[in-house]
Amino acid sequence: MMGSESDAPPPPSSTPLDWKFSQVFGERAAGEEVQEVDIISAIEFNKSGSHLATGDRGGRVVLFERTDAKDNSTRKDLENSDYTVSHHPEFRYKTEFQSHEPEFDYLKSLEIEEKINKIKWCQTANGALFLLSTNDKTIKFWKVQEKKIKKISETNLDASNVKSNGFGPGLSLPNGDFSFPAGGFGSLRLPVVVSSQETNLVANCRRVYAHAHDYHINSISTNSDGETFISADDLRINLWNLEISSQSFNIVDVKPPNMEDLTEVITSAEFHPINCNTLAYSSSKGSIRLVDLRQSALCDNHFQLFEEHEAPGSRSFFTEIIASISDIKFSKDGRHILSRDYMTLKLWDINMNSGPVATFPVHEYLRPKLCDLYENDSIFDKFECCQSGDGSRVATGSYSNLFRVFESGSKEATTLEASRNPMRRQVPTPAKPVRSLPSITRVVGRRGTEAQVTDANGNSYDFTTKLLHLAWHPTENLIACAAANSLYMYYA
């Protein structure tokens, strides 16, 4: 049903891109302390790439808009010109709004954080922007649009003569009574509300989708039909209609009758970008399942399963933990799925379930340090991944605010640091690809060991500065990534 294309991965790129620093928003000065509420927790470009949204731990959503595209000449002018426009995408701050507030569940005695877990853009309409944002329990549907500022005019008062108390000459309020000027008014003009040319951006919460998840929401994904979306927590995936907030349909449920029999949880879920009946979800066992909404109301049975089998004799205590998939992304054409586990990126062909078509090692130098990573809980960090619009490159984050860009069909990577000098740090790429190993559920870690590790070249890496969130522009070679409270952008 997915087509009869060959099982080959995307064609390899010719040469690695030359990445350069573009912009930074929220850059902090040296030694400046970062407030917890300002740390960025979600990044998402809209489908056209004209807008970028970020969410933070304080429950705020900040919108940025692309500026360079607006300054372009018409297409005809560009075609007739005898030079090539060489600018790169640039963005500017547009607006921000408070999406979520901290709450308290009195029935479960549970505090619900305001932190934004995910943001997803919806289809635009009538010049307005629409997006979904979610914290651990509640999803909200937002409409952001420019509205003309309305002013009052055509009153009997002359605005130029109005005093600070709001009344003009000849008007008084002795003992609180209104007095007419001497001789009275020639005629009575009622105030009229008129729209000025000034505009103001207004964010309105159109709908709230609540009380549908017993566990923390880890994913939301909009459907290509423009009408529905899914939300996923550790054990269930629910299907919603954007227009109806009072009910949802449970389409995947992995909760066993006895919770002691629980062996895996859902870690991420996403709709197919083209086929509105298909979605994928990943698990803590390192597997990815494709389900078809047309098969049954409850999609407990998958029609495609992707997992990499464990090599004989390679199992260890950490095998189960590092196999857990933290993020999955469909390619733009829906042909491939990109997944991120703790140690590697994997690219899967949806028509081939024998194994990944490519495996990219992210930070192989950490493998001897898994015990330390377990002790300080770093092994449970959830890194996101992203793919270029043409599918030829993939990227993901690591520690010390580093992220790595891989060319499809090559194990070589470009390592960049989230700073004004992205090429300052370079990490050698291991000669062999890392093949991650699936199995079991997560384990709760312990804290208490050092927060740094040193690789074979003597480079020190800091576990406390981690680059978890990043996004690739849908049509340009532009990556936006979050380093604590700062948003960095790089172009090639």
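Here are some exercises on a predicted model, each with a worked solution.

Before starting, note that residues are numbered from 1 along each chain as its sequence is written, and that side-chain values use heavy atoms, with hydrogens and water left out. In this predicted model, local features need pLDDT of at least 70 and side-chain atom pairs count only at pLDDT 80 or more, while totals for chains, interfaces and linings use all residues.

**Exercise 1. Aromatic pairs**

Classify the pair Phe97 and Trp142, and find which strands hold the two residues.

Solution.
- Start with the rule: rings of Phe, Tyr and Trp (its six-membered ring) pair if their centres lie within 6.5 Å; planes under 30 degrees apart count as stacked, over 60 as edge-to-face and the rest as tilted. The count by this rule is 22 aromatic pairs.
- For Phe97 and Trp142, the centres are 4.5 Å apart and the planes make 40°, a tilted pair.
- Next, place the residues, using helices (H or I, at least four residues) and strands (E, at least two) as DSSP runs numbered from the N terminus. Phe97 belongs to strand 5 (residues 91-98) and Trp142 to strand 10 (residues 139-153), so the pair ties together parts that are 45 residues apart in sequence.
- Finally, check burial, where buried means under 20% relative accessible area, exposed over 50%, and partly exposed in between (1.4 Å probe, protein chains only). Phe97 and Trp142 are both buried.

**Exercise 2. A pair between loops**

Now do the same for Tyr399 and Phe463.

Solution.
- With 5.1 Å centre to centre and 70° between the planes, Tyr399 and Phe463 are edge-to-face.
- Tyr399 sits in the loop between strand 25 (393-397) and strand 26 (402-407), and Phe463 in the loop between strand 29 (460-462) and strand 30 (470-472); the two are 64 residues apart.
- Tyr399 has 0% relative accessibility and therefore counts as buried. Phe463, at 2%, is buried too.

**Exercise 3. Two open sheets**

Work out which strands stand at the edges of the sheets 12-13-14-15 and 20-21-22-23.

Solution.
- Two strands pair if DSSP finds at least two bridges between them. The four strands in the order 12-13-14-15 form an open sheet with antiparallel pairing.
- Strand 12 and strand 15 (244-253) each pair on one side only, which puts them at the edges.
- Inside this sheet, five bridges join strand 13 (residues 228-232) to strand 14 (residues 236-241), and Ser231 stands opposite Asn238.
- The order 20-21-22-23 is also an open, antiparallel sheet of four strands. Strand 20 and strand 23 (358-361) each have a single partner strand, so one side of each is left without a neighbour in the sheet.
- Strand 21 (residues 336-340) and strand 22 (residues 344-349) are joined by five bridges, with Leu338 opposite Leu347.

**Exercise 4. Positive phi**

Decide whether Asn126 and Asp377, two residues with positive phi, are buried or exposed.

Solution.
- Recall that most residues other than glycine have a negative phi.
- Asn126 has phi near 55° and is found in the loop between strand 8 and strand 9 (129-134). Its relative accessibility is 83%, so Asn126 counts as exposed.
- Asp377 has phi near 70° and lies in the loop between helix 3 (370-375) and strand 24. At 17% relative accessibility, Asp377 counts as buried.
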